[in-house]
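User: Please take a close look at the charged side chains of this structure, and begin with one pair of them. After that, please follow the account into the aromatic rings and a few other side chains, in language that suits a first-year student.

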Amino acid sequence: MSRMSLDCMKAEYLKELQDNPLDVQLVNVLHKKFQQFSSIDHDKHAVVDQVLRDHLLNFLTIKTLQKGEMISAFEVHLNICIEACKRDMCSPTMPILLLGDIFDTSTLDVCEKLFSFVERNVNVWKEEMFFTACKNNLLRMCNDLLRRLSRSQNTVFCGRILLFLAKFFSFSERSGLNIISEFNLENVTEYSTTSFEKMDVQEDAEAEVNNKLKVDFNLYTKFWALQDYFRNPTLCYNKVQWKTFTSYCSCVLTAFKNFKLDDINVSKDSLSMSIESQLQGQHYFAKFLTNQKLLELELSDVNFRRYILVQCLILFQYLTSPVKFKMDNAELKPDQLDWIKTITEQVYSLLHETPPDGVLFVETIKHIFQREEHWNNWKNEGCAEFKKPEPPAVMDEKSDFELTKNRTKKTDSRLLGDIIKGAAEKKQFYLGNSELDKLWNHAADNLESCKAKQRDFLPSIESYFEEAAKEADPSLMIEDQYKKVNDGNFGWRALRLLARRSPYFFVQSNNPINTLPEYLDIMIKKIFKERHTKVHVVDGVKTEPEQENTNTVEMTETGNMDEDLIKSDDKASKSDQKKPVLVTKEHLDSVASLVANNWRGLGRRLGLQPDEIEFISSQRPTDEERARHLLQLWIEMDDEPLVDDLVYVLEGLEMTAACQLLKSLN
């Protein structure tokens, strides 16, 4: 094609782009023009590339467009370019080149809004047509943007760019990996080297009287000197540096332990707020403020404390993990490892006590560090490429039998000691049975798993015996052997529930009970009979409920059950037993002073969390008021706060006087 033909083709394309409104459908018109010109493909592609860049230049030179109109026009023009690439009208690199031109000539505000277009089309850039040709250009464009941005002022935009690159490139892309575990030594935390102004005599005396931690220049320098070790952990392998680090770290952790947190003084309503609502009100700063006058405020800030403590845990994990690219002399001695283990437990204890949701925060951090160990092992093994597992091949019966036979031989050939040792290295159990192995390796800590909240529940008596009560109806004609009362597991759980919930369990009676099913039949009758005969109060007037169908509460006479036994036992229960008494305000007022000395222990026995106990301590001036507030919270949390339950707890704490007082009021 001659130079004249190329210029003619370029002019026609520009005319179509300028005369027609920008729309993806415009590609159809351009494609027809493209097919009309017969020439070498490379020449036609070059013309379309130049036309798209020239048309974009027209938008960039128009200064009358508003920001929103300009971004919309850019997105439509880029969509036209993408569609033209898919129809083989221009080079596959053109969309990224156009994006690079826009980012280079636009303000950061426009770039941040337009980057949403790049994020939405990540699946387009990952297509085979664009990925091979554009991945380097796209990486260069993102790096150019990161150089223009400030990590402290444009933190969110920087994070969006890095997240996009993580989605665009595969995990095994070595250009985005810190393979040899280099540290960012340029991230220096600058702090003052001049001393604090001396405190006057009055402030010094006031600090001593209030037992308040003194934030002096010594603590200030030790605190911020830890940042040198956080950014370069290899300093810890030097003997002198290690002694300095342990001294500074112990001093800072002691300061955290003795310094009061601001979030303990929050109102009670904030404790019940969801985590999402709390996070929305928090602020994040990318760089630390190292002014001397701010250190006292920073020590009492919850987020700041968590930043420093998590930094300590990251450093400890690096020092104790097997990193492939460590130096040969980068090893810790046994006493150093013991120190790290002790300090790690102390750090987790401080995080556990840090509100809000200290327990959940610690569990999340441990989960993150566990995942980090997997990534570290992956890097040590050479960053193998991630591949989807292949579907299992279909085998006939003969080949399947041979495979099972070979696998059995291979397993049997290993020594039992080697198998157990290999499992121990992976912190797992090997019991010789697949189901037992699965059970014991279900969680990292089986004891903590058994203590989980979801395993601690106690159903109500009515809900547990409801099905058994229905089976007692003669009209259902259910045979005795299929009733729940004849199930040993049901009976065992029923006795435990009755001992905890029912007032009829510990009753002295001269009437013998032959079997457990007979006893459960009697108890079910009593429980549901009492529920159906409760007095209702409507508008201040007591009314008796309507007579229920006797078939639902009458029990069948089977086996050795004697009707006289049931009647005599009913009479004994009516004369001897009392209804369970709920804890009232009068009970709280009378017993609060007697349990004030050990109100914290009482709170733990009643199921309150440590941060809730600390909140009560900060909100009430005296132990008696704290004990009264503690018992009031327990009443609100428990559906049926019985006096007998409270007496049982107090007996376990050896509060005899309080127990006797409650029994006299009961």
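Analyst: Arg87 has a relative accessible area of 31%, so it counts as partly exposed, a class that lies between the buried limit of under 20% and the exposed limit of over 50%. The model is a predicted one, and the values that follow are computed from it. Arg87 is joined to Glu83 by a salt bridge, in which the closest N and O atoms are 3.4 Å apart, and Glu83, with a relative accessible area of 24%, is partly exposed. The general idea behind such a pair is that side chains of opposite charge can pair when their charged atoms come close.

A search of the whole structure finds ten salt bridges, and two further examples can be followed along their helices. In helix α23, which covers residues 461–471, Glu466 and Lys470 lie four residues apart, or about one turn of the helix, and they form a salt bridge whose closest N and O atoms are 3.9 Å apart. Glu466 counts as partly exposed because its relative accessibility is 38%, whereas Lys470, at 52%, counts as exposed because it passes the limit of over 50%. In helix α30, which covers residues 623–637, Glu624 and Arg628 are likewise four residues apart, about one turn of the helix, and their salt bridge has its closest N and O atoms 3.4 Å apart. Here Glu624 is partly exposed at 33% relative accessibility, and Arg628 is partly exposed at 26%.

Charged side chains also appear over aromatic rings in this model: Arg306 lies over the face of Phe361, at 4.2 Å from the ring centre, and Lys366 lies over the face of Tyr348, at 4.9 Å from the ring centre.

The rings also pair with one another, and the search of the whole structure finds 29 aromatic pairs. In one of them, the rings of Phe223 and Trp224 have their centres 5.0 Å apart and their planes at 85°, and because that angle is over 60 degrees the pair is edge-to-face. Trp224 takes part in another pair, with Phe304, where the ring centres are 6.0 Å apart and the planes stand at 65°, so this pair is edge-to-face too. That second pair links distant parts of the chain, since Trp224 belongs to helix α11 (residues 217–231) and Phe304 to helix α16 (residues 302–320), with their positions 80 residues apart. Phe223 and Trp224 are buried, and Phe304 is buried as well. Elsewhere, Phe103, Phe115, Phe131, Phe157, Phe164, Phe168 and Phe169 form one aromatic cluster.

Some uncharged side chains complete the account. Thr344, in helix α17 (residues 334–353), counts as buried because its relative accessibility of 18% is under 20%; leaving aside neighbours within four places in sequence, Thr344 is in contact with Leu313 and Phe316. Leu661, in helix α32 (residues 656–665), is partly exposed, with a relative accessible area of 26%. With its neighbours within four places in sequence left aside, Leu661 is in contact with Ser590, Val591 and Leu594, and the C-alpha atoms of Leu661 and Val591 are separated by 7.3 Å although these residues are 70 residues apart along the chain. On the surface, Phe429, Leu431, Leu436, Leu439 and Trp440 form a nonpolar patch, with about 490 Å² of accessible area together. Of these, Leu436 is found in helix α21 (residues 434–440) and, at 40% relative accessibility, counts as partly exposed.

Definitions and conventions. Residues are numbered from 1 along each chain as its sequence is written. Side-chain values use heavy atoms; hydrogens and water are left out. Helices (H or I, at least four residues) and strands (E, at least two) are DSSP runs, numbered from the N terminus. Buried means under 20% relative accessible area, exposed over 50%, partly exposed in between (1.4 Å probe, protein chains only). Contact means heavy atoms within 4.5 Å. Rings of Phe, Tyr and Trp (its six-membered ring) pair if their centres lie within 6.5 Å; planes under 30 degrees apart count as stacked, over 60 as edge-to-face and the rest as tilted. A charge sits over a ring if NZ of Lys or CZ of Arg is within 6 Å of the ring centre and within 35 degrees of the ring normal. Patches are made of residues with over 30% relative accessible area and no salt bridge: like charges are joined within 9 Å, nonpolar side chains (Val, Leu, Ile, Met, Phe, Trp, Tyr) within 5 Å. Accessible areas come from the Shrake-Rupley method with a 1.4 Å probe; for residues, only the protein chains shown count as cover. A salt bridge is a side-chain nitrogen of Lys or Arg within 4 Å of a carboxyl oxygen of Asp or Glu.
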